[in-house]
Amino acid sequence: MIEVRELTKFFGAVRAVDRASLSVLRGEVVGLLGPNGSGKTTLMRILTGFFPPTSGSARIDGLDVQTHSLAVRRKVGYVPEQVVLYPELPVRRFLRFAADVKGVPRGRCAGAIAEVMAACGLEEMARRPIRKLSRGYRQRVAIAQALLNDPEVLILDEPTVGLDPRQTVEVRSLIRTLAGRCTVLLSTHILPEASMLCGRVIIIDRGRIVAEDTAAGLARRVEGVARTALRIAGSRREIVAALEGVPGVDRVEAAEEGAVADAATARFIVVSREADPVRQEIAARVVGRGWGLLELRPLEPSLEELFVRLLGSERRGTGDA
Amino acid sequence: MRNVLAVFRKELRSYFASPLIYVVAAAFSALCGYYFYTDLLHFITFGFGINIMENFWQLLFLDIRKFLLFCVPFITMRLFAEEKRLGTIELLFTYPLRDGEIFLGKFLAAVVAVVTLLAPTLVYPFLLNQVQPYPMLPVFTGYLGLLLLAVVFVSCGMFISALTESQVVAGVVTGGILFGLWAVSWNEAAVDPQRLQAVRAISMFDHFHGFSIGLIDLRDVAYFAFTVLLFTHLTFRALEARTWRGRR
């Protein structure tokens, strides 16, 4: 459904996308995972015809995004990263505009708009001007407009960024309901989000595609690292020694938050291969030594961690060859 | 056509949802009303109430022309600059819309907005006709001239708005260009006679003189048409510019 071949985009001397190739099959939900500034948005803007690539090609449903721009744009629903819609238009009016320009048959407009508003939970907001909506509702309006005219491909750029936790959950479940209806390419810099929503994940860094994996494979890659944040009252040196002595612990990092290094309590991040048994053992030992266990918190595997592993293994790979 | 209409309706809605147009329209109406009054006084005291076209309407049209110059930039400055600043341009350009459809929808909406500024002044000719009947057709020629002038102003403002993200910059530059095209023939005495012809030819306002006394000169119409086409062409190039970055 989406075919990208050797796509490169320069902004001046900056190479925003560097010979990226990827393909997405019909009906797949694929995540584009990468840190901020890695070229996700640029890649998506090329796919949606916002600007052309410097070189390489991108096809959607067999149509080149440059030579058949209008036809491609008819097939694609797009939610840009910055969800700024026309602030003065009421929700329904804006959706009517979107339905008109997307060529929803005139007779079907009202029905199509009602449908996407119901799908996105916007019925009560129909008459409210967009500028008076919360961030979460604006995101829903943005998704609603993308769904109009039943697009074959849905491109979502960081659909949950800037939302509060409840809104994030809502938007994620909304995306999950779309999975069967169309091909979805979504970008994110949140690792668990990618593995939660996507069947397949493409990892992009500095414009280059560095890895591609199934969500399960990705989870496996990260599985090997569990990170635990600790705050313990006691002697720092003794604590480090004790933590390093726990079986399964790879590394103990001192985590100082801000400039205030409280003499009595110390913060650590423990990196281990296993999660729960190690945490259990740490708690037992800390309490056993009579230190105060003030905090023990599992950290979500970070994207940085994954990158270190991916790029590390890549480097090893080239070393072997 | 449906796409043009959709963009047109959206733009019109945006115009009338913001307080700016009401402020501009109020200022425009107040100025026009005041000059209607003073020009009428002038007509009665110095023009002895004869030859209404030259002694009254021409003065008033030339005054309205000035107010248009100052008001139109406020109307056109938002056309593209606002969308660029907000980021909605990304939405617009990724919808299945041709640049021409976007252009036409916005252009028509801006022209309609300017016409709503002008419309209340249409009361004047009828008001005067109630007091003292006179041939009205030349007056409507003057209005046709104002409309053509407004279309030129809008096309210029649209082009400038397509170049920048800042509405203020768009407004000021548009005002500057329009003012320049007016001022270029002010100091006629200082221009040597050979060049005076050329200066008069490009002065947007000299081409309005005929209309203001009820004359339609095809050369003036051609000048306005050419200017609109020129700015339209430039606007299309400015819209295209988004595809130029990163080209090899």
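Q: Helices (H or I, at least four residues) and strands (E, at least two) are DSSP runs, numbered from the N terminus. How many of each make up the secondary structure of chain B?

A: This is a predicted model, in which local features need pLDDT of at least 70 and side-chain atom pairs count only at pLDDT 80 or more, while totals for chains, interfaces and linings use all residues. Residues are numbered from 1 along each chain as its sequence is written, and chains are lettered from A and ligands numbered from 1 in the order in which they are written. Followed along its sequence, chain B reads α-α-α-α-α-α-α-α-α-α-α-α. The count for chain B is therefore 12 helices and zero strands.

Q: What is the radius of gyration of chain B?

A: The C-alpha atoms of chain B fill a box of roughly 65 × 45 × 30 Å along the principal axes. The radius of gyration is taken over C-alpha atoms, and the globule rule is 2.2 Å times the number of residues to the power 0.38. For 248 residues that rule gives 18 Å, and chain B comes close to it, so chain B is as compact as a globular protein of that length, with a radius of gyration of 20 Å.

Q: What share of the residues of chain A count as buried?

A: A residue is buried if 20 or more other C-beta atoms, placed from the backbone, lie within 10 Å of its own; it is exposed if 12 or fewer do, and partly exposed in between. In chain B, buried residues make up 42% of the 248. Chain A has 11 helices and 14 strands, and the buried share of its 321 residues is 40%.

Q: Which helix gives the most residues to the side of chain A that touches chain B?

A: Two residues are in contact if their C-beta atoms, placed from the backbone, lie within 7 Å. The contact takes 27 residues from chain A and 25 residues from chain B. On the chain A side, β1 (2–11), α2 (69–75) and α3 (91–101) each supply at least two residues. The top contributor there, with four residues, is α3(A).

Q: How many nonpolar, polar and charged residues are on that side of chain A?

A: Ala, Val, Leu, Ile, Met, Phe, Trp, Tyr, Cys and Pro count as nonpolar, Asp, Glu, Lys and Arg as charged, and the others, Gly among them, as polar. Sorted this way, the side of chain A that touches chain B has 14 nonpolar, six polar and seven charged residues.

Q: Which residues have the most contacts inside the largest nonpolar core?

A: A nonpolar core is a set of buried Ala, Val, Leu, Ile, Met, Phe, Trp, Tyr and Cys residues joined through C-beta atoms within 7 Å. The largest one has 140 residues, and its largest share, 14 residues, comes from helix α8 (residues 137–163) of chain B. Leaving aside neighbours within four places in sequence, F94(A) is in contact with L85(A), Y86(A), L89(A), I130(A) and V141(A). The residues with the most contacts inside this core are F94(A), L95(A) and A150(B).

Q: Which strands stand at the edges of the open sheet of four strands in chain A?

A: Two strands pair if DSSP finds at least two bridges between them. The order of this sheet is β2-β1-β4-β5, with antiparallel pairing. Each edge strand has a single partner, so one side of each is left without a neighbour in the sheet; these strands are β2 (14–24) and β5 (63–64).

Q: What angle does the direction of α1(A) make with that of β1(A)?

A: Helix α1 (residues 40–47) has eight of its eight residues buried, and the helix packs on the sheet, touching β1, β2 and β4 of chain A. Axes are lines fitted to C-alpha atoms, for helices over the stretch in contact, and angles run from 0 to 180 degrees between N-to-C directions. For α1(A) and β1(A), the angle is about 115 degrees.

Q: Which residue of β9(A) stands opposite G31(A)?

A: G31(A) belongs to one side of β3(A), together with V29(A) and L33(A), while V30(A) and L32(A) are on the other, and all are buried. β3(A) runs parallel to β8 (residues 183–188), joined by five bridges, and pairs with β9 (residues 200–205) in the parallel sense over four bridges. In β9(A), the residue opposite G31(A) is V201(A).

Q: Is E281(A) buried or partly exposed?

A: E281(A) is in helix α10 (residues 276–288) of chain A. Not counting residues up to four places away in sequence, E281(A) touches V246(A) and P247(A). Because E281(A) has 18 C-beta neighbours inside 10 Å, this residue counts as partly exposed.
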